[in-house]
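Visitor: Could you take me slowly through one small part of this model, and then show me how it fits into what lies around it?

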Amino acid sequence: MELRRVVVTGLGALTPIGKTKDEYWEGLLNGKSGAAPITYFDAEKFKTKFACELKDFNATDYLDRKEARKMDRFTQYAMVASDEAIADAKLNLDVVDKLRVGVIWGAGIGGLETFQNEVINFAEGDGTPRFNPFFIPKMIADIAPGNISIKNGFMGPNYTTVSACASSANAMIDALNYIRLGHCDVVVTGGSEAAVTIAGMGGFNAMHALSTRNDSPETASRPFDATRDGFVLGEGAGAIILEDYEHAKARGAKIYAEVVGGGLSSDAHHMTAPHPDGIGVIAVMKNCLENAGLKPEDVDHINTHGTSTPLGDVAELKAIKEVFGNHAKDININSTKSMTGHLLGAAGAIEAIASILAMEHGVVPPTINHSTVDENIDPALNLTLNKAQKRDVKVAMSNTFGFGGHNACVLFKKMD
């Protein structure tokens, strides 16, 4: 069976540094930090008092008030980003065969704020079980793609992938394969997350996963820097329209890039820590290259997982050197989490969008906040530090890893 070619025809982004794909791209190029003191709740007693929140986001600017009240923020974000991506793809909903349009979404946690608030309300009550009738449908992780399909009438495959911070990358790979195998013509894919909550911040603080640089939030996310001390929690959504190449060509769609491969692996090592030798990361990048039919020397740019944790950054760069050998020093490597923070289940989606736009515009966004060299990192690697760099990117790789040892890797190629 000959596999179909799959292309990207639409993008949508709702991020801490820009509420549209164009604003997001401008924020990336300008090295804008999305980190600031938390405004959603009083974080005075928390170890970490800052995050990358969505600034000035009002759901009713985009959604009907009654509908918005039935949605957790992670679903609201999904609706906004997917609307932008569908409009960007110029997908004619009156013409497209909706039985062949799927929605495959990623969320690592889902409706955490809804769950938190309902439990707090119950605990503060007299023991009478008074719960919002929308508690469960607001909370469940699969409700975001469900709502996207209901709004647009898409009747193809519809579900959520959950693999912690690799969730939306997993969703993209599933979407790629559904189209490759001929099961769909179009898939709305991506991911959303809204974990900047009392429970989210408290939980990640308890794990010692977050930066505690409260005196300088905007510089706290500092991947590859010797003084990094943990990730900065972010929120938002990224949506990508994947489409069969022939289907896209027939309707005259703009094509951003071709999706040429996806790889998956597991560290099989630890609940939260990466394998120190990066064996799972080595495997996932090799799997992805093999799946794409590409050689290591074909890759021009890698958007790393690069969370700004002491162990993770070093392990990933070691793996890149192992896979790419001497070519590693010729690759523009970066971490856009230095600007957006870590969007957990949505990270793979917004970082894939950054990789696609780098390819389109011929510029690789910077890794900001780097000031101190880490002696454990090879200085020959080009980490695109502090300033964007012009680069003709023909092939871009996006890496995303999740707690539990989940590794996902996606490869994009400029169309001939």
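To begin with, where is Ala164 found?

Guide: Ala164 is found in the loop between strand E5 and helix H7, which covers residues 167–180; here helices (DSSP runs of H or I, at least four residues) and strands (runs of E, at least two) are numbered from the N terminus. Please keep in mind that this is a predicted model, in which local features need pLDDT of at least 70 and side-chain atom pairs count only at pLDDT 80 or more, while totals for chains, interfaces and linings use all residues. Residues are numbered from 1 along each chain as its sequence is written, and side-chain values use heavy atoms, with hydrogens and water left out.

What draws attention to Ala164 is its backbone, for it has a positive phi of about 55 degrees although it is not a glycine. Most residues other than glycine have a negative phi. With a relative accessibility of 23%, Ala164 counts as partly exposed, a class that falls between buried (under 20% relative accessible area) and exposed (over 50%), with a 1.4 Å probe and only protein chains taken into account.

Strand E5, which comes before this loop, leads us to helix H6. E5 spans residues 158–161, and what covers the buried residues of H6 includes this strand together with helix H3 (73–88), strand E4 (101–106), helix H5 (135–139) and strand E6 (186–193); cover of this kind rests on contact, meaning heavy atoms within 4.5 Å. Helix H6 itself runs over residues 143–152, and because 8 of its 10 residues are buried, this helix is largely enclosed by the rest of the structure. The buried ones are Ile143, Ala144, Pro145, Gly146, Asn147, Ile148, Ser149 and Asn152. Just after H6 there is another positive phi, of about 75 degrees, at Gly153.

A further case like Ala164 is Phe224, a residue that is not a glycine and yet has a positive phi of about 75 degrees. Phe224 is found in the loop between H8 and E7, and with a relative accessible area of 1% this residue is buried. Ser221 also has its place in the loop between helix H8 (198–206) and strand E7 (236–244), and Ser221 is buried too, at a relative accessible area of 5%. Once its neighbours within four places in sequence are set aside, Ser221 is in contact with Val232, Ser308, Lys337, Ser338, Ile368 and Asn369.

From Phe224 we can step across to Asn334, which lies in strand E10, residues 332–334. Not counting residues up to four places away in sequence, Asn334 touches Phe224, along with His301, Ile302, Asn303, Thr304, Val364, Pro365, Thr367, Leu383 and Thr384. Asn334 is buried, with a relative accessible area of 0%.

Two more residues show how distant stretches of the chain meet. Phe41 sits in the loop between strand E2 (36–37) and strand E3 (50–51), and this phenylalanine is buried at a relative accessible area of 14%. Although Phe41 and Ile198 are 157 residues apart in sequence, their C-alpha atoms are 7.2 Å apart in space. Ile198 is also among the contacts of Phe41, which, leaving out neighbours within four places in sequence, are Phe46, Val196, Thr197, Ile198 and Met201.

The second of these residues, Ile353, lies in helix H13, residues 347–361, and counts as buried at 0% relative accessibility. Its C-alpha atom is separated by 8.0 Å from that of Ala13, a residue 340 places away along the chain. Apart from neighbours within four places in sequence, Ile353 is in contact with Leu11, Gly12, Ala13, Tyr24, Gly238, Ala239 and Ile240.

If you now step back to the chain as a whole, you will find 13 helices and 14 strands in it. The C-alpha atoms fill a box of roughly 65 × 55 × 40 Å, taken along the principal axes. Of the 416 residues in the protein chain, 59% are buried. Among the contacts with a separation of 6 or more, 80% are between residues 24 or more positions apart, and the pair of Ile353 and Ala13, at 340 residues apart along the chain, gives you one place to look at such a separation in the model.
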